[in-house]
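Trainee: Before the terms get used, I would like to see what each one rests on. Can we go through them one at a time?

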Amino acid sequence: MLREDLRNGSFYAGQRLVELELAAHYGVSRTPVREALFQLAREGLITDSDRGYSLPVDTHDDFLDRLAVRRNLDPLLAAHAALRATPSQVHELELFLARMRESHEANDFKEFANHAHLFRIALIEAGHNIALDRVCRVIEDQSLIMRNKQYRDEDNRALAIQFEEKLFHAIKQSAPDAAARVAREYMEAVIRLLGESITNAPALWIAPRQPSQGDGTITA
């Protein structure tokens, strides 16, 4: 339950996660809460410090670094899915995409974020590559809090639908080159939204580090 609440935006960046409060909220003892927090910290979804557990606060550089990894990795994942997705997995992608559209039209950003996450997990599974699966799941989980904030913006949701529709059609047509191209273009579009120039970037693009300004957190 705690993991799902992290994914659907029930907690905010920087929020402390107190065992006693969480145990009371979920109606369980402190032991399963402690075990869940320990596991989530191991996976990088939350941070562990002398003050206890809390949700991470992304800086501009943190978020951009993950986008750079996805810009380099997602084309490979998309190509795998285009070649290896089963008919039932293609249908599942189509279903989650339809629900993304519905929640976008209803202006329900939490449901949109949830179905966007499910679309992403279905895409990862459709690649049928264990190494890619593990790496992409880690990046997906670490991106959830920031992406939930992004999806509050209608334009960001529309951009996601635009590219995921193109990606879905490439996968449905078993077109790995087209799927890879769409995946790369999507990440480049998101990177440009953050004010970074990526025109004519090299194949392996590494995000530039920004000078420190305050705490550097992204609030959009």
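Mentor: What follows takes each term, gives its cut-off and sets a value against it.

Trainee: What makes a local feature or a side-chain pair acceptable here?

Mentor: The model is predicted, so local features need pLDDT of at least 70 and side-chain atom pairs count only at pLDDT 80 or more, while totals for chains, interfaces and linings use all residues. Residues are numbered from 1 along each chain as its sequence is written, and side-chain values use heavy atoms, with hydrogens and water left out.

Trainee: Why is S54 called buried?

Mentor: Buried means under 20% relative accessible area, exposed over 50%, and partly exposed in between (1.4 Å probe, protein chains only). S54 has 16% relative accessibility, so it counts as buried.

Trainee: What makes S174 partly exposed and N107 exposed?

Mentor: The relative accessible area of S174 is 47%, so S174 is partly exposed. N107 has 52%, and therefore N107 is exposed. S174 lies in the loop between α8 and α9, and N107 in the loop between α5 and α6. Neither is a glycine, yet S174 has a positive phi of about 55 degrees and N107 one of about 60 degrees.

Trainee: Which strand holds S54, and what does S54 touch?

Mentor: S54 lies in strand β3; strands (E, at least two residues) and helices (H or I, at least four) are DSSP runs, numbered from the N terminus. Contact means heavy atoms within 4.5 Å. Beyond its neighbours within four places in sequence, S54 is in contact with G14, Q15, R16, L17, I46 and T47. R16 has S54 as its bridge partner in β3.

Trainee: How do you know that β1 and β3 pair?

Mentor: Two strands pair if DSSP finds at least two bridges between them. β1 and β3 (residues 52-54) have 2 bridges, in the antiparallel sense, so the definition is met. The open sheet has 3 strands in the order β1-β3-β2, with antiparallel pairing. Its edge strands, β1 (16-17) and β2 (47-49), each pair on one side only.

Trainee: Why does the length of α8 agree with that of a helix?

Mentor: The expected span is 1.5 Å times one less than the number of residues. For the 19 residues of α8 this gives 27 Å, and the end C-alpha atoms are 27 Å apart, so the two agree.

Trainee: What caps the N-terminal end of α8?

Mentor: D153 does: a side-chain oxygen of D153 lies 2.8 Å from the backbone nitrogen of D155. A polar contact is a pair of N or O atoms within 3.5 Å, one able to donate a hydrogen and the other to accept it; residues adjacent in sequence count only if both atoms are side-chain atoms.

Trainee: What makes a set of residues a nonpolar core?

Mentor: The members are buried Ala, Val, Leu, Ile, Met, Phe, Trp, Tyr and Cys residues joined through side-chain atoms within 4.5 Å. The largest such core has 47 residues, and I171 and Y186 have the most contacts inside it. A second, separate core of 15 residues includes L22, A23, V33 and Y53.

Trainee: Which helices do the buried residues of α8 pack against?

Mentor: They pack against α4, α5, α6, α7 and α9. Among the buried residues of α8 are L159, A160, F163 and E164. Y186 is in contact with those four and with Y151, leaving aside neighbours within four places in sequence.
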